There are 2 protein chains.
Amino acid sequence: MAQPDTKTRIISTAEELFALAGFHLTSLRTITTQAGVNLAAVNYHFGSKEALLEAVFDRHLIPLNDIRIKRLEGVAAQAKKSGRPPEVEGVLRCFTEPTLALLHRDSGTGYFRMLVGRSLSDPDQTVRQLFLGRVSGVLELLLDLLCQALPHRSRESVSLKLNFALGAMSHTLIFQGQGGLLGGVDKGKSIDEVIEMLTNFIVKGMEG
Amino acid sequence: MAQPDTKTRIISTAEELFALAGFHLTSLRTITTQAGVNLAAVNYHFGSKEALLEAVFDRHLIPLNDIRIKRLEGVAAQAKKSGRPPEVEGVLRCFTEPTLALLHRDSGTGYFRMLVGRSLSDPDQTVRQLFLGRVSGVLELLLDLLCQALPHRSRESVSLKLNFALGAMSHTLIFQGQGGLLGGVDKGKSIDEVIEMLTNFIVKGMEG
DNA sequence: GTCTATAGATTGATAGAC
DNA sequence: GTCTATCAATCTATAGAC
């Protein structure tokens, strides 16, 4: 198996370190040392540390967003065609399934799930804004469809519940696989079971 | 109204800045300048930046934990006395009500709600561990009681769902009051309505 | 207790040889 | 493209006068 090129090695290592220790606590020296490349390579290939973070986001977030948007638009088109509002669970799964698939270890996304889980609430404004700018479009589309699925609820109520759901998802993306918050907790559950339980949790909360 | 003393001014300013920008991105210079005190005062009164963070946590977290533990122990005692398992919603409210009360602007806790919301998933290990060490006892007690309330569910399942609930709560503590993730969303909801909706969301998800 | 001044370490970024 | 060397700007922490 051939070594990935320098640029890819930097992205992969940065993804891991940003996810585990955060953007500002991870120095370019740590990244380049662990990646086995020269310190100056980051600025040669990306221009700045912030641009490196953008590259880390974009590598997996652009394909992920494409999938989420295609699925959401599919549900929207079907609702329009049939003249009936979409189902809550169907709409939610357009978003939850591709997102929670990041939990699978064979998804090829490494530590990206932890980075996604933390970014929305990262204390660093740079991280937050770069991430939010990449997902706000999808979230607005999701909110529109959820409002169609729940026509008797106000947009404010649906948006509030969507925020609850996003919080549960983010938290799970971070902690799943390291024993949960209290340790030794996810031993008996497969990743697919976790995903189904979380989806059920969100659907019940959203409909209730 | 008399000015608070130097130590209190430092704690209050640090609480706000740690909550808004994170522990490592907030320098002691920024804190002391905004608080109107000398840079060296932090190390005189607290010994180190990390000890200041502990003081910020402890000011509100110790009283909050006392309330949560008293309520949880009250429910535990009543269940034991009556010989019947406690109710899911009653157990959850022992934890959610005192915690979500942080959302009230007149609670005297300033930006503490945001700090709490971010700390559990903070990318900075120092922040995470200091915070987790202060809440893990309460969370274990809560988990024990939830398992009593849901005797037909495995401890792993209950723990997993508790993590979903904590994620939803953390997220809400961070974003409530600034228009939610997508902006302009919580205009029509009072804080008490938000708290009831979140409690209902969690109860439905936990029981479902 | 409060202040000035500074030590000592680390950071992101870059210049310039190869 | 990759490397060494270094700059300029930060940071926490502390020594010592008042």
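**Close-up 1. Thr199(B), a buried residue in a predicted model.** With a relative accessibility of just 2%, Thr199(B) is classed as buried, because anything under 20% gets that label. Everything you see here and in the other views comes from a predicted model. Thr199(B) sits in helix α9 of chain B, which runs over residues 191–207. Who does Thr199(B) touch, if you skip residues up to four places away in sequence? The answer is Arg93(B), Thr96(B) and Leu100(B).

**Close-up 2. The protein surface around DNA strand C.** Here we move to the DNA and look at the 14 residues that surround strand C. The closest ones come from chain A, with Leu28(A), Arg29(A) and Lys49(A), and from chain B, with Thr6(B) and Asn38(B). Sort the surface near strand C by class and you get five nonpolar, seven polar and two charged residues. Now flip to the DNA side: of the strand C atoms within 4 Å of the protein, 54% are part of sugar or phosphate, and the rest are part of bases.

**Close-up 3. Chain B side chains at the phosphates of DNA strand C.** Start with Thr6(B), which has a polar side-chain atom 3.1 Å from a phosphate oxygen of strand C. His45(B) also places a polar side-chain atom 3.1 Å from a phosphate oxygen of this strand. For Asn38(B), an N or O atom of the side chain is 3.3 Å from a phosphate oxygen of strand C. Which elements give two or more residues to the surface near strand C? They are α2 (28–35) of chain A and α3 (41–45) of chain B.

**Close-up 4. The protein surface around DNA strand D.** Strand D is surrounded by 14 residues, and the closest are Thr6(A), Asn38(A), Leu28(B), Arg29(B) and Lys49(B). By class, the surface near strand D splits into four nonpolar, seven polar and three charged residues. Of the strand D atoms within 4 Å of the protein, 51% belong to sugar or phosphate, while the rest belong to bases.

**Close-up 5. Polar contacts with DNA strand D, from phosphate to base.** Thr6(A) has a polar side-chain atom 3.0 Å from a phosphate oxygen of strand D. Leu28(B) uses its backbone instead: a polar backbone atom lies 3.0 Å from a phosphate oxygen of strand D. Does the side chain of Arg29(B) meet a base oxygen or a phosphate oxygen here? It's a base oxygen of strand D, 3.1 Å from a side-chain N or O atom of Arg29(B). The elements giving two or more residues to the surface near strand D are α3 (41–45) of chain A and α2 (28–35) of chain B.

Notes:
Residues numbered from 1 in each chain as written. Chains lettered and ligands numbered in written order. Predicted model: local features only at pLDDT ≥ 70, side-chain atom pairs only at ≥ 80, totals over all residues. Heavy atoms only, no water. Helix = DSSP H or I, 4+ residues; strand = E, 2+ residues; numbered from the N terminus. Buried < 20%, exposed > 50% of the residue type's maximum accessible area, 1.4 Å probe, protein only. Contact = heavy atoms within 4.5 Å. Near = heavy atom within 4 Å. Polar contact = N/O pair within 3.5 Å; in protein donor to acceptor, adjacent residues only side chain to side chain. Nonpolar A, V, L, I, M, F, W, Y, C, P; charged D, E, K, R; others polar.
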